[in-house]
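I opened my notebook for an afternoon of looking things up in one structure. Here is what I wrote down, entry by entry, so that you can follow along.

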Amino acid sequence: MADDEAAARYIAVMRQASKVVQFCEVVPAGLRTPAYQNLMLNPDVCVVPDEPVLGMPSWVHQVPWAAKQQRTVLLDERLLTNGGSQAAAVAAQLRHLASLVSAEDPRGGDLVVRILPLSRLLFVHTVGSVTEVSLHGHRMVVSIGLFPTYETGSRVAQVVSAGLREAVEAAWSREETYEGLVRAAEAMERRAAS
């Protein structure tokens with residue numbers, strides 16, 4: 001399956017999963033500011049959208065996020081420096097992420113956002129954006145590129161799951177993530193003003 005129907009099914013899986021652990025090279029769906037979302041869903045940038053857009057099957061526009069979805073998002077450290085000509089929009093996005101981290105329940109909550117440092121090369125750095133979801137009691141590894149892929153029970157799925165667990169352990173703490181996001185936002189704002 002390809003094109004809009006495949007993207008719609010991927011979106012439905014991500015929204016309906018009860019548990020999500022994802023490594024992202026860009027800020028994922030559901031955590032974006034409107035300006036950043038416009039950048040990410042620009043057809044010149046986005047090969048396969050991860051949010052419902054015009055042209056997708058109508059049913060996907062009605063798929064809600066699962067109530068109490070437990071979501072851990074590991075953001076690639078390069079996000080802190082990639083702004084280019086869109087530094088102002090990226091700065092606002094980084095501030096938004098910092099506010100989400102600040103609002104996290106330190107005892108554990110539904111959303112955890114962390115930065116995954118580049119200081120040590122981890123398996124997930126070699127495979128790009130990848131996610132493990134729990135859907136209807138079943139775990140599966142999903143990714144999106146030219147075509148969404150789904151793996152469950154395979155050796156590939158086991159290796160990716162282990163890589164994601166390793167990445168969660170290697171990620172910055174809540175405090176380090178918050179401070180890194182704020183510092184990066186300030187640097188982006190200075191870049192945008194110059």
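**Entry 1: Pro49.** I started with Pro49, which counts as buried because its relative accessibility is 13%, and the cut-off for buried is under 20%. I should say at once that this is a predicted model. I found Pro49 in the loop between H2 and S2. Leaving aside neighbours within four places in sequence, I listed its contacts as Ala7, Ile11, Leu41, Met56 and Ile144. I then checked one of these partners, Ile11: Pro49 and Ile11 are 38 residues apart in sequence, yet 8.6 Å apart in space, C-alpha to C-alpha.

**Entry 2: the largest pocket.** I asked how much space lies in the largest pocket. The computed value is about 700 Å³. I noted 36 residues in its lining, and the closest to the pocket centre are Tyr10, Val26, Asp50, Ser129 and Ile144. Ile144 was already in my notes as a contact of Pro49. The elements that give two or more residues to the lining are helix H1 (3–16), S1, S4, S5, strand S6 (149–151) and H5. H1 gives the most, with 4 residues.

**Entry 3: strand S4.** I turned next to S4 (residues 130–135), where 6 of the 6 residues are buried, so the strand is largely enclosed by the rest of the structure. Which way do the residues of S4 point? I saw Val130, Glu132 and Ser134 point one way, with Thr131, Val133 and Leu135 pointing the other way. That fits the usual picture, since side chains in a regular strand alternate between the two faces of the sheet.

I looked up the partners of S4 too. Strand S1 (residues 19–24) pairs with S4 in the antiparallel sense over 5 bridges, and Val21 stands opposite Glu132. Strand S5 (residues 138–143) also runs antiparallel to S4, joined by 5 bridges, with Arg139 as the bridge partner of Ser134. S4 and S5 form a hairpin with 2 residues between them. I made a note of His136 in that turn, as it has a positive phi of about 55°.

**Entry 4: helix H5 and Leu164.** I compared the length of H5 (residues 155–170) with expectation. At 1.5 Å a residue, its 16 residues should span 22 Å, and the end C-alpha atoms are 23 Å apart, which agrees. The buried residues I listed for H5 are Ala157, Val160, Ser161, Gly163, Leu164, Ala167 and Ala170. I kept in mind that an α-helix has 3.6 residues a turn, so residues three or four places apart point the same way.

I picked Leu164 for a closer look. Leu164 is buried, with a relative accessible area of 1%. Not counting residues up to four places away in sequence, Leu164 touches Val21, Phe23, Leu74, Val124, Val130, Thr131 and Glu132. Val130, Thr131 and Glu132 were already in my S4 entry, and so was Val21, opposite Glu132.

**Entry 5: Ala171.** I found Ala171 in the loop between H5 and H6. Is Ala171 buried or exposed? At 14% relative accessibility, Ala171 counts as buried. Its contacts, with residues up to four places away in sequence left out, are Leu74, Arg114, Ile115, Leu116 and Pro117. Ala171 and Pro117 are 54 residues apart in sequence and 6.4 Å apart in space, C-alpha to C-alpha.

**Entry 6: the nonpolar cores.** I counted 26 residues in the largest nonpolar core, and those with the most contacts inside it are Leu75, Leu80, Leu94, Leu97 and Leu181. Helix H2 (34–40), strand S2 (70–76), helix H3 (87–102), strand S3 (111–116) and helix H6 (174–193) each supply at least two residues of this core. H3 gives the most, with 8 residues. Apart from this core lies another, of 15 residues, among them Ala7, Ala17, Val48 and Met56. I recognised Ala7 and Met56 from the contacts of Pro49.

**Entry 7: helix H6.** I ended with H6, where 20 residues at 1.5 Å each should span 28 Å; the end C-alpha atoms are 29 Å apart, which agrees. Its buried residues are Thr177, Gly180, Leu181, Val182, Ala184, Ala185 and Met188, and I saw that they pack against H3 and S3. Leu80 touches several of them, including Gly180, Leu181, Ala184 and Met188.

Conventions: Residues are numbered from 1 along each chain as its sequence is written. This is a predicted model: local features need pLDDT of at least 70, side-chain atom pairs count only at pLDDT 80 or more; totals for chains, interfaces and linings use all residues. Side-chain values use heavy atoms; hydrogens and water are left out. Buried means under 20% relative accessible area, exposed over 50%, partly exposed in between (1.4 Å probe, protein chains only). Two strands pair if DSSP finds at least two bridges between them. The expected span of a helix is 1.5 Å times one less than its number of residues. A nonpolar core is a set of buried Ala, Val, Leu, Ile, Met, Phe, Trp, Tyr and Cys residues joined through side-chain atoms within 4.5 Å. Contact means heavy atoms within 4.5 Å. On a 1 Å grid over the protein atoms alone, a cavity is a set of points where a 1.4 Å probe fits but cannot get out, and a pocket is an open set with protein on both sides within 12 Å along at least five of seven lines; lining residues have an atom within 4 Å of a point. Grid points are joined across faces, edges and corners, and a volume is the space filled by probe spheres set on the points.
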